[in-house]
Amino acid sequence: MPIFSTNDSAARKTAAPPSLRLFQDISPWASLAVLSVIGLAMLSWSWLTWPDVFIDFGSELYMAWQMTAGKNLYLDVLSECGPLSTYLNALFFQLFGVGLHTLVYCNLAILAGIVFLLHRILAGISDRFTATISCAVFLTLFAFNQYVECGNYNYVCPYRHEMTHGIFLSLLALFCIFSFLQKQKLCWLAGSGFFLGWVLLTKTEISMPAVAACGIGWVLSKWTEEPQGRPRLKNLFLFLAAAAVPPLVAFFLLSLKMPAPKALLGVLGSWPYALHPAFSGSPYFQFGLGFDHPLTQFPFVDPLHC
């Protein structure tokens, strides 16, 4: 039996107490209205308070701006991440003009996509009411807010766009996995691999959980349903081939402007840095990861005074 099917929602609704069925029967339009009101209220309340003037976010504007001026990523503009986000922001600048508001509006569209995908995925594994409440919590607590003196930790003006772009693409990959579980069409499996390939062009800390989630989803979806090995291998090959397309395209395009080894390092993004002892053994990064005293709970430290 599939772990995710169209019959799951009906079964949960039947098993629920009568007092809860009213909430489970919330209509899609009511859910959309509630989340729209919450999102617009949070947007109005936090308007133009998202970026930090001095720390991190300025480089997001600068790198994309320099790309529109003809500079080349990894040659003229240094970056320790994959190429996707910088090129995407440069494309936004080319299409809509260079400026903070361009990224704000584009990031708001991406944020709306994140909420939509969260709702679809959560409604599929629970019910529409639970998905609506969960997305409302996300909008009120995480999407727009600032909790420390140093800004940037929100989805409108993030400290690195690789985080928000990677999360959006990861949710797309998971949504395709869920759709494949429901419909058993290979196009959804290929779509999951394709979006995962774009995630690999962001940051290591986004790529690792995305690979784990999609890998587990693929194994759970097919391993128990097909007694023969050949169909499983065929589907696995399709998934991996689709995931390889974005990195290969990125490598080809970068190699047109720089030597192949430099282009390869650009495609690998932050992986070489994450695996290099000079960085992994640094006290600063060990503190940030919680590896300096992993068995104790260290107190919060203001990031402005790290």
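These legends go with a set of close-up views of a predicted model.

**View 1. Arg-160 and Glu-60 pair up across the chain.** Here the side chains of Arg-160 and Glu-60 meet in a salt bridge, with N to O at 2.8 Å. The two partners come from distant parts of the chain, 100 residues apart: Arg-160 is in the loop between α7 (128-143) and α8, while Glu-60 belongs to helix α4. With 9% relative accessibility, Arg-160 counts as buried because the cut-off is under 20%. Glu-60 also counts as buried, at 4% relative accessibility. In general, side chains of opposite charge can pair when their charged atoms come close.

**View 2. Arg-160 has another partner, Glu-162.** Staying with Arg-160, we find a salt bridge to Glu-162, where the closest N and O atoms are 3.3 Å apart. Glu-162 is buried, and its relative accessible area is just 1%. Pull back a little and a network of salt bridges shows up, linking Glu-60, Glu-80, Arg-160 and Glu-162. A search of the whole structure turns up 4 salt bridges.

**View 3. Lys-203 and Glu-205 form a salt bridge.** In this pair, the closest N and O atoms sit 3.0 Å apart. How buried or exposed is each partner, Lys-203 and Glu-205? Lys-203 counts as buried, at 10% relative accessibility. Glu-205 is partly exposed, with a relative accessible area of 40%.

**View 4. The largest cavity has about 40 Å³ of space.** The structure holds 2 cavities of 30 Å³ or more, and the largest has about 40 Å³ inside. Which residues line the largest cavity? They are Glu-60, Met-63, Ala-64, Ser-85, Thr-86, Asn-89, His-161 and Glu-162. Three elements, α4 (57-68), α5 (84-96) and α8 (161-183), give two or more residues each to this lining. Sorted by class, the lining of the largest cavity has 2 nonpolar, 4 polar and 2 charged residues. Two names will be familiar from the salt-bridge views: Glu-60, a partner of Arg-160, and Glu-162, which also pairs with Arg-160. As for how such spaces are found, rolling a probe the size of a water molecule over the atoms shows where empty space is left.

**View 5. The second largest cavity has a volume of about 30 Å³.** Its lining is made by Asn-107, Ile-110, Leu-111, Ile-114, Tyr-155, Thr-164 and His-165. Helices α6 (100-125) and α8 each supply at least two of the lining residues. Which element gives the largest share of the lining of the second largest cavity? That is α6, with 4 residues. By class, the lining of the second largest cavity splits into 4 nonpolar and 3 polar residues, with no charged ones.

**View 6. A nonpolar patch covers about 540 Å² of the surface.** Phe-194, Val-245, Val-249, Phe-252, Leu-253 and Leu-256 make up the patch. Helix α11 (residues 229-255) brings the largest share, 4 residues. One residue to pick out is Leu-253, which lies in helix α11. Leu-253 counts as partly exposed because its relative accessibility, 47%, falls between the 20% and 50% cut-offs.

**View 7. Asp-56 has a positive phi in a loop.** Asp-56 is not a glycine, yet its phi is positive, at about 70°. Where is Asp-56 placed? Look in the loop between α3 (28-45) and α4. Asp-56 is partly exposed, with a relative accessible area of 35%.

**View 8. Tyr-74 also sits in a loop with a positive phi.** For Tyr-74 the phi is about 75°, again positive although the residue is not a glycine. Tyr-74 is found in the loop between α4 and α5. Is Tyr-74 buried or exposed? Tyr-74 is buried, since its relative accessible area of 8% is under the 20% cut-off.

Note on methods: Residues are numbered from 1 along each chain as its sequence is written. This is a predicted model: local features need pLDDT of at least 70, side-chain atom pairs count only at pLDDT 80 or more; totals for chains, interfaces and linings use all residues. Side-chain values use heavy atoms; hydrogens and water are left out. Patches are made of residues with over 30% relative accessible area and no salt bridge: like charges are joined within 9 Å, nonpolar side chains (Val, Leu, Ile, Met, Phe, Trp, Tyr) within 5 Å. Accessible areas come from the Shrake-Rupley method with a 1.4 Å probe; for residues, only the protein chains shown count as cover. Buried means under 20% relative accessible area, exposed over 50%, partly exposed in between (1.4 Å probe, protein chains only). On a 1 Å grid over the protein atoms alone, a cavity is a set of points where a 1.4 Å probe fits but cannot get out, and a pocket is an open set with protein on both sides within 12 Å along at least five of seven lines; lining residues have an atom within 4 Å of a point. Grid points are joined across faces, edges and corners, and a volume is the space filled by probe spheres set on the points. Ala, Val, Leu, Ile, Met, Phe, Trp, Tyr, Cys and Pro count as nonpolar, Asp, Glu, Lys and Arg as charged, and the others, Gly among them, as polar.
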